[in-house]
There are 2 protein chains.
Amino acid sequence: MRYHKIPDETVRRLPMYLRGLLLCREQGVRDVSSRKLSELLHISPAQIRKDLSYFGAFGTPGVGYDTAKLAKQIRGILKIDTPNKAALVGLGNLGSALLKYPGFGAYGLQISAVFDNDPGKIGKIVKKVKVEDVSKLSTLKNKNIKLGIIAVPASAAQSVADALVKAGIRGILNFAPFYLDVPKKVKVITIDIAMVLARLPYYLPASA
Amino acid sequence: MRYHKIPDETVRRLPMYLRGLLLCREQGVRDVSSRKLSELLHISPAQIRKDLSYFGAFGTPGVGYDTAKLAKQIRGILKIDTPNKAALVGLGNLGSALLKYPGFGAYGLQISAVFDNDPGKIGKIVKKVKVEDVSKLSTLKNKNIKLGIIAVPASAAQSVADALVKAGIRGILNFAPFYLDVPKKVKVITIDIAMVLARLPYYLPASA
DNA sequence: TAAAGTTTGTGATTGAGTTCTCAATCACCA
DNA sequence: TGGTGATTGAGAACTCAATCACAAACTTTA
Ligand SMILES: NC(=O)c1ccc[n+]([C@@H]2O[C@H](COP(=O)([O-])OP(=O)(O)OC[C@H]3O[C@@H](n4cnc5c(N)ncnc54)[C@H](O)[C@@H]3O)[C@@H](O)[C@H]2O)c1
Ligand SMILES: NC(=O)c1ccc[n+]([C@@H]2O[C@H](COP(=O)([O-])OP(=O)(O)OC[C@H]3O[C@@H](n4cnc5c(N)ncnc54)[C@H](O)[C@@H]3O)[C@@H](O)[C@H]2O)c1
């Protein structure tokens with residue numbers, strides 16, 4: 001296919017396709033059609049084919065997609081074919097959960113540095129990672145870490161973001177309920193869990 | 001304004017507006033224009049006005065929106081003007097963080113029931129809530145709890161969802177990386193944290 | 001009271017993303 | 001080798017959401 005701007009929504013769905021493909025491979029399925037993937041992920045077959053077509057032609061007409069080959073392609077597109085290291089700031093309730101979570105590995109992601117400002121936490125070793133003082137954030141520069149995760153209170157989020165950017169971070173996953181002001185070259189994705197939950201009652205039947 | 005279907009995206013933004021309004025009120029601001037709100041939330045003024053206009057005319061030309069009044073309106077629209085109780089299933093790393101989080105209160109949400117299947121956790125009392133056996137999920141029916149939060153491993157998510165639906169739950173926030181099959185009357189929102197994080201490397205500069 | 005300056009609410013417009021459709025491609029089999 | 005059936009890839013059509021732009025509504029000031 002020819003030159004095209006890739007919709008953000010397409011990028012958002014790519015990891016889902018990867019998850020579906022991994023699921024297929026676990027079950028020993030070698031080839032999967034867009035229709036079968038659709039049943040697994042509940043994304044329309046046309047959507048899947050169009051999304052993939054932005055990046056090239058990976059399928060075989062009459063057969064579908066080779067699960068292993070397509071997974072590799074998607075990993076390449078997402079740049080998770082080589083491992084990515086991430087720095088976590090804020091080892092509170094949420095930060096601890098993230099650090100202990102083994103599921104990031106499937107996407108080539110690893111939390112390999114942790115920072116906090118609580119003297120009671122600094123120096124501790126959790127999951128083989130030593131908790132460092134947040135003032136040492138600048139040491140990230142020498143560690144080839146380009147991703148940051150913010151799990152500090154909202155009041156500290158902006159200053160942490162500033163420090164991360166100064167330390168060479170180029171992508172931030174932010175859990176604090178706060179809009180982060182960063183240079184354009186830095187990509188921020190915010191997950192505000194409370195806000196997502198707050199949206200559920202809207203869909204409840206009126207009677208309740 | 002005339003009859004209109006409300007875009008899902010609009011509903012998604014309503015809690016943001018509420019957050020902005022609360023921020024304003026904390027600072028003693030009585031009236032706020034769409035332009036000022038825009039600077040706070042980084043959503044365009046036109047977007048804010050259009051979103052609000054789906055539900056009525058809440059502002060005053062030349063002045064803006066009364067923060068207290070608009071906050072009340074939005075709470076009403078989202079149905080969080082009266083408290084909503086939620087049941088949490090899975091008191092692992094993530095579930096514990098959620099249970100301890102005080103920020104849900106701002107949206108009238110409260111986790112008032114917790115379930116797990118680990119005998120070592122059942123019976124414990126955390127944050128004044130007693131952890132119950134997951135087999136007792138049906139008791140929710142008598143408690144007027146309409147919201148559920150799933151924080152169990154992916155392999156258990158569907159069965160937990162089924163049990164929640166059977167117990168009368170009508171809205172589910174799911175953290176398991178799995179598509180949940182539920183009746184149409186039940187609204188599911190899934191947050192797959194790993195998948196969101198997996199999207200960040202895509203935006204990194206090619207050199208890295 | 002009148003004129004100047006804001007800001008809302010919304011119809012019209014633009015733009016982005018999804019779905020439709022079908023010719024082209026490939027595996028399989030007789 | 002040619003026919004059958006399945007499935008892709010991508011242009012066209014469509015749907016839905018975001019932005020524009022301005023009349024109407026309000027405040028302030030003199
Ligand atoms: N826990 C949840 O379920 C949940 C839900 C929604 C949103 N959030 C948001 O996620 C963020 C973290 O939540 P949490 O529950 O883990 O909070 P927490 O209070 O448990 O942990 C915050 C951690 O950040 C550290 N910290 C504070 N200021 C710091 C600074 N300037 N530099 C470095 N570290 C600092 C603290 O020492 C603590 O370890 C908050 O912004 C919260 O609003 C959490
Ligand atoms: N922790 C994270 O940062 C993180 C990140 C992304 C996704 N997730 C997802 O969130 C979910 C929970 O993650 P976690 O880290 O808290 O896992 P966890 O293993 O720490 O906790 C899971 C909890 O669920 C309980 N449980 C298991 N089966 C159950 C069942 N059938 N009924 C009731 N309870 C049951 C376990 O006893 C345990 O307490 C998982 O699906 C995980 O993939 C977590």
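**Figure 1. Ligand 2 sits between chains A and B.** This is a predicted model, and here we zoom in on what surrounds the ligand. There are 24 residues around ligand 2, and the closest include Tyr101(A), Leu94(B) and Asp116(B). Sorted by class, this shell holds 16 nonpolar, five polar and three charged residues.

**Figure 2. Polar contacts link ligand 2 to chain B.** Look for Val152(B), where a backbone N or O atom lies 2.6 Å from an oxygen atom of the ligand. Lys121(B) brings a side-chain N or O atom to 2.7 Å from an oxygen atom of ligand 2. With Asn117(B), a polar side-chain atom is 3.3 Å from a nitrogen atom of the ligand. On its own, ligand 2 would expose 820 Å², and the protein buries 84% of that. Helix 5 of chain B gives the most to the shell, with three residues.

**Figure 3. DNA strand D has 29 residues around it.** Among those that come nearest are Ser34(A), Gly59(A) and Gly62(A). Of the strand's atoms within 4 Å of the protein, 70% belong to sugar or phosphate, and bases make up the rest. The residues of this surface split into ten nonpolar, eleven polar and eight charged.

**Figure 4. Side chains from chain A and chain B reach phosphate oxygens of DNA strand D.** Tyr65(A) has a side-chain N or O atom 2.9 Å from a phosphate oxygen. For Arg13(B), the distance from a side-chain N or O atom to a phosphate oxygen is 2.9 Å. Gln47(B) has a side-chain N or O atom 3.3 Å from a sugar or linking oxygen of the strand. Helix 3 of chain B gives the most to this surface, with four residues.

Conventions:
Residues are numbered from 1 along each chain as its sequence is written. Chains are lettered from A and ligands numbered from 1 in the order in which they are written. This is a predicted model: local features need pLDDT of at least 70, side-chain atom pairs count only at pLDDT 80 or more; totals for chains, interfaces and linings use all residues. Side-chain values use heavy atoms; hydrogens and water are left out. A residue is near a molecule or strand if one of its heavy atoms lies within 4 Å of it. A polar contact is a pair of N or O atoms within 3.5 Å; within protein, one must be able to donate a hydrogen and the other to accept it, and residues adjacent in sequence count only if both atoms are side-chain atoms. Accessible areas come from the Shrake-Rupley method with a 1.4 Å probe; for residues, only the protein chains shown count as cover. Helices (H or I, at least four residues) and strands (E, at least two) are DSSP runs, numbered from the N terminus. Ala, Val, Leu, Ile, Met, Phe, Trp, Tyr, Cys and Pro count as nonpolar, Asp, Glu, Lys and Arg as charged, and the others, Gly among them, as polar.
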